[in-house]
Amino acid sequence: MTTPENASEELSGTPPEAQPDALPEPLPGPLVGADWLARRLGTPGPVILDASVGAHRGAGRRIPGARPFDLDGALSDHTAPAPHTMPGAPEFTEAVRALGIDDSDTVVVYDGAGLYSSARAWWMLRAMGFDRVAVLDGGLPAWTAAGLPVEAAAPAYEGPRGSFTARPRAGLLVDSATVARALTDPAAAVLDARTRERFAGTAPEPRPGLRGGHMPGALNLPFGELQDRAGLMRPAGELRAAFRELAGDRERLYFSCGSGVTACVLALGADLAGYRELAVYDGSWSEWGMPSELPVTTNGPEKEGG
């Protein structure tokens, strides 16, 4: 997978301000800290996107200048049966251009929950061919805990349109047939980001009509277990150990969750851990768990390394 650093290797040397037509400075990786972003606030640096969902989207405060990447609105396909489905390339292009984003921009995404839906925005942009994007570690809670400024959230971005163009990459978002094949592929592992209770079928699904349980052969790695008590992503070595404990030596990883959102937190963690063959099941349990012939089990989690 192309990384933000690789996409910007040509920039090492002359600083951006000495090259008016150059791309902005390269990102340090797919994750940036509040201090990194704070030093660039108010400069011609990164475009900041607020990808909060649900109650956090209407919380009324934002990092100064942040623009709303609305996963509950234009950044999902509402004609699809599953929530938070990826829009088509033309619709995605239009929604991102409406946020004033250019192909040459650098983007940092955060959310009000901490590190929850921001990873979904990061993965969507990557899947549409845009690599100059990173997630703010710990999101808005980490930002405010550091004593950094916030402002009242604007209802919409009203600045100039951008020139972004989606260039979809095959294989980063996959369907149920691809996941079904991966479940029987000895070189692949399917990891489910839902809670252990939902995975086991002992807790009800939050969306009506879905079956309880999990895909036969799937492994359970709740997305919150990749974060420390402060809501920050764990170090790369610990992340690698968490994935290896479940997936063993398998390097091809597929991720699922409730609606394709927190699966992307696992994708972010795997990317930080050095994995490169990654895919997110877009429909996730909102699709697989519907009454259908897709198999479901309520047996306990698969054995480690299985």
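Strand 2 (residues 47-50) and strand 4 run parallel and are joined by 2 bridges. Across this pairing, Asp50 sits opposite Pro68 of strand 4. The model is a predicted one, and in it the two strands belong to an open sheet of 5 strands, paired in parallel and ordered 1-6-5-2-4. Strand 1 (31-32) and strand 4 (67-68) form the edges, each with a pairing on one side only.

Helices come in next to this sheet. Helix 4, spanning residues 118-127, lies across strand 2, strand 5 (107-110) and strand 6 (133-136). Relative to strand 6, helix 4 runs at about 175 degrees. Helix 4 also has a helical partner: the buried residues of helix 3 pack against it. In helix 3 (residues 89-97), those buried residues are Phe92, Thr93, Ala95 and Val96.

Stepping back to the whole chain, there are 10 helices and 12 strands. Of the 306 residues, 50% are buried. Looking just at contacts with a separation of 6 or more, 76% are between residues 24 or more positions apart. About 13100 Å² of the chain is exposed, and 53% of that comes from carbon and sulfur atoms.

Helix 9 (residues 263-272) is a mostly covered element, with 9 of its 10 residues buried. The buried set runs through Ala263, Cys264, Val265, Leu266, Ala267, Leu268, Gly269, Ala270 and Asp271. After helix 9 comes Gly274, which has a positive phi, near 100 degrees.

One of those helix 9 residues, Cys264, leads on to the matter of disulfides. The count for the model is 0. Cys257 stays unbonded because its sulfur is 6.8 Å from the closest cysteine sulfur, that of Cys264, which is too far for a bond; a disulfide would need the two sulfur atoms within 2.5 Å. Seen from the other side, Cys264 is in no disulfide either, its nearest cysteine sulfur being that of Cys257, 6.8 Å away. Both cysteines are tucked away from the surface: Cys257 is buried at 1% relative accessible area, and Cys264 is buried at 0%.

Two polar residues are worth a look of their own. The first to consider is Arg198, which sits in helix 7 (residues 196-200). With a relative accessible area of 17%, Arg198 falls under the 20% cut-off and so counts as buried. The Arg198 side chain makes a polar contact with the side chain of Glu205, at 2.8 Å. Setting aside neighbours within four places in sequence, the contacts of Arg198 are Ala203, Pro204, Glu205, Pro206, Arg207, Gly213 and Gly258.

The other is Asn220, located in strand 10 (residues 219-220). Its relative accessibility is 3%, so Asn220 counts as buried. The side chain of Asn220 reaches the backbone oxygen of Arg194 at 3.0 Å. A polar contact also links the Asn220 side chain to that of Arg196, at 3.5 Å. Leaving out residues up to four places away in sequence, Asn220 touches Asp192, Arg194, Thr195, Arg196, Phe199 and Leu246. Among these, Arg196 belongs to the stretch that makes up helix 7 (residues 196-200), the helix that also holds Arg198.

How values were computed: Residues numbered from 1 in each chain as written. Predicted model: local features only at pLDDT ≥ 70, side-chain atom pairs only at ≥ 80, totals over all residues. Heavy atoms only, no water. Pairing = 2+ DSSP bridges. Helix = DSSP H or I, 4+ residues; strand = E, 2+ residues; numbered from the N terminus. Contact = heavy atoms within 4.5 Å. Axes fitted to C-alpha atoms, helices over the stretch in contact; angles between N-to-C directions. Buried < 20%, exposed > 50% of the residue type's maximum accessible area, 1.4 Å probe, protein only. Areas by Shrake-Rupley, 256 points an atom, 1.4 Å probe, with all protein chains shown as cover. Polar contact = N/O pair within 3.5 Å; in protein donor to acceptor, adjacent residues only side chain to side chain.
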